[in-house]
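Let's take a walk through this one together, starting with its open spaces and then moving on to the helices around them. Have the sequence and the model side by side as you read.

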Amino acid sequence: MFEQLFKSIQEKVTLTQDEMEVCKTFFIPKKLRKKQTLLQEGDICIYNAFVEKGIMRSFFIDEKGNEHIVQFAIEGWWITDLSSFLTNTNSIYTIEALEDCELLLFTTEAREALMEKIPMFERYQRLLLQNAYIANQARINSALTETAEEKYIKLGIAYPGIIKRVPQHMIASYLGLKPETLSRVRKQISNRL
């Protein structure tokens, strides 16, 4: 069950076999069925979740009832409401399984204890946060400057698995597009091929 997690860790830092065994004791394995939620808007986010199998999404619904997807997480990725998780405040997001999922969860207390016990795990966490911040900046720049077609093509190149596994209306929500706009963009792209 820890195969994807250790692959992710070893891509950024080196842990000994003993340290990997210690890591296992800090995580809670959890299975979710498709459409089950890990976090409901308004609740405090008590888990940071690593996706071993499946795909998750984080979203919120605005005052007009429109859904806005802010993150997908496939195998090897983390998902949480970081603000709620770190500050113990109510979440504005819902986190839901889009497929049957196998997750590894850990609490803020487990995170702190694990970073204390295994300093390389703290470095791994820092690198994850650093990369998430860079990706967030790139996403903001994309939202502000790129055309619908450019956004879709970039997503398809960077994350083809998401394009293939997620319904198109959710891809549109993630890209900040209306479903009919995404449909038009996809048709234009296919006509050129």
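A pocket, as the word is used here, is an open set of grid points where a 1.4 Å probe fits, with protein on both sides within 12 Å along at least five of seven lines. Its volume is the space filled by probe spheres set on those points. Keep in mind, too, that this is a predicted model.

With that in hand, look at the largest pocket, which has a volume of about 1,700 Å³. Its lining runs to 48 residues, and if you want to find the centre, go to Gln-71, Ala-132, Ala-135, Asn-136 and Tyr-174, which lie nearest to it. Two or more lining residues come from each of α1, β4 (56-61), β5 (67-73), β6, α3 (82-87), α5, α6 (148-158) and α8 (168-175). Which of these gives the largest share? That would be α5, with 14 residues. As for chemistry, the lining splits into 26 nonpolar, 14 polar and eight charged residues.

The second largest pocket holds about 180 Å³ of space. Around it you'll find Asn-66, Glu-67, His-68, Ala-172, Ser-173, Gly-176, Leu-177, Lys-178 and Pro-179. Here β5 and α8 each put in at least two residues. By class, that lining comes to three nonpolar, four polar and two charged residues.

Since α8 turns up at both pockets, let's stop there. Is this helix enclosed or open? Six of its eight residues are buried, so α8 is largely enclosed by the rest of the structure. The buried ones are Met-170, Ile-171, Ala-172, Ser-173, Tyr-174 and Leu-175. Their cover includes β4, β5, α5, α6, α7 (160-165) and α9 (179-192). Right after α8 comes Gly-176, with a positive phi near 75 degrees.

Now swing back to helix α1, which spans residues 3-12 and has Leu-5, Phe-6, Ser-8 and Ile-9 as its buried residues. Look down the helix axis and these fall within an arc of 155 degrees, so they line one face of α1. Glu-3 and Glu-11, on the other side, are exposed. Among the elements covering the buried residues of α1 are α2 (17-24), β3 (48-53), β6 (78-79), β8 (101-106) and α5 (119-145).

Lys-12 also belongs to α1, and it's partly exposed, with a relative accessible area of 28%. What does Lys-12 touch beyond its neighbours within four places in sequence? Its contacts there are Tyr-124, Leu-127, Leu-128 and Asn-131. The C-alpha atoms of Lys-12 and Phe-121 are 9.6 Å apart, although 109 residues separate the two along the chain.

Last stop: the cysteines. How many disulfides does the structure hold? The count is zero. Cys-23 has Cys-45 as its nearest cysteine by sulfur position, and that sulfur is 20 Å away. For a disulfide, the two sulfur atoms would have to be within 2.5 Å. Cys-45, for its part, has the sulfur of Cys-101 as its nearest, 15 Å off, and is in no disulfide either. Cys-23 counts as buried, at 0% relative accessibility, and Cys-45 is buried as well, at 4%.

Technical notes
Residues are numbered from 1 along each chain as its sequence is written. This is a predicted model: local features need pLDDT of at least 70, side-chain atom pairs count only at pLDDT 80 or more; totals for chains, interfaces and linings use all residues. Side-chain values use heavy atoms; hydrogens and water are left out. Buried means under 20% relative accessible area, exposed over 50%, partly exposed in between (1.4 Å probe, protein chains only). Helices (H or I, at least four residues) and strands (E, at least two) are DSSP runs, numbered from the N terminus. The arc is that of the directions from the helix axis to the C-beta atoms. Contact means heavy atoms within 4.5 Å. On a 1 Å grid over the protein atoms alone, a cavity is a set of points where a 1.4 Å probe fits but cannot get out, and a pocket is an open set with protein on both sides within 12 Å along at least five of seven lines; lining residues have an atom within 4 Å of a point. Ala, Val, Leu, Ile, Met, Phe, Trp, Tyr, Cys and Pro count as nonpolar, Asp, Glu, Lys and Arg as charged, and the others, Gly among them, as polar.
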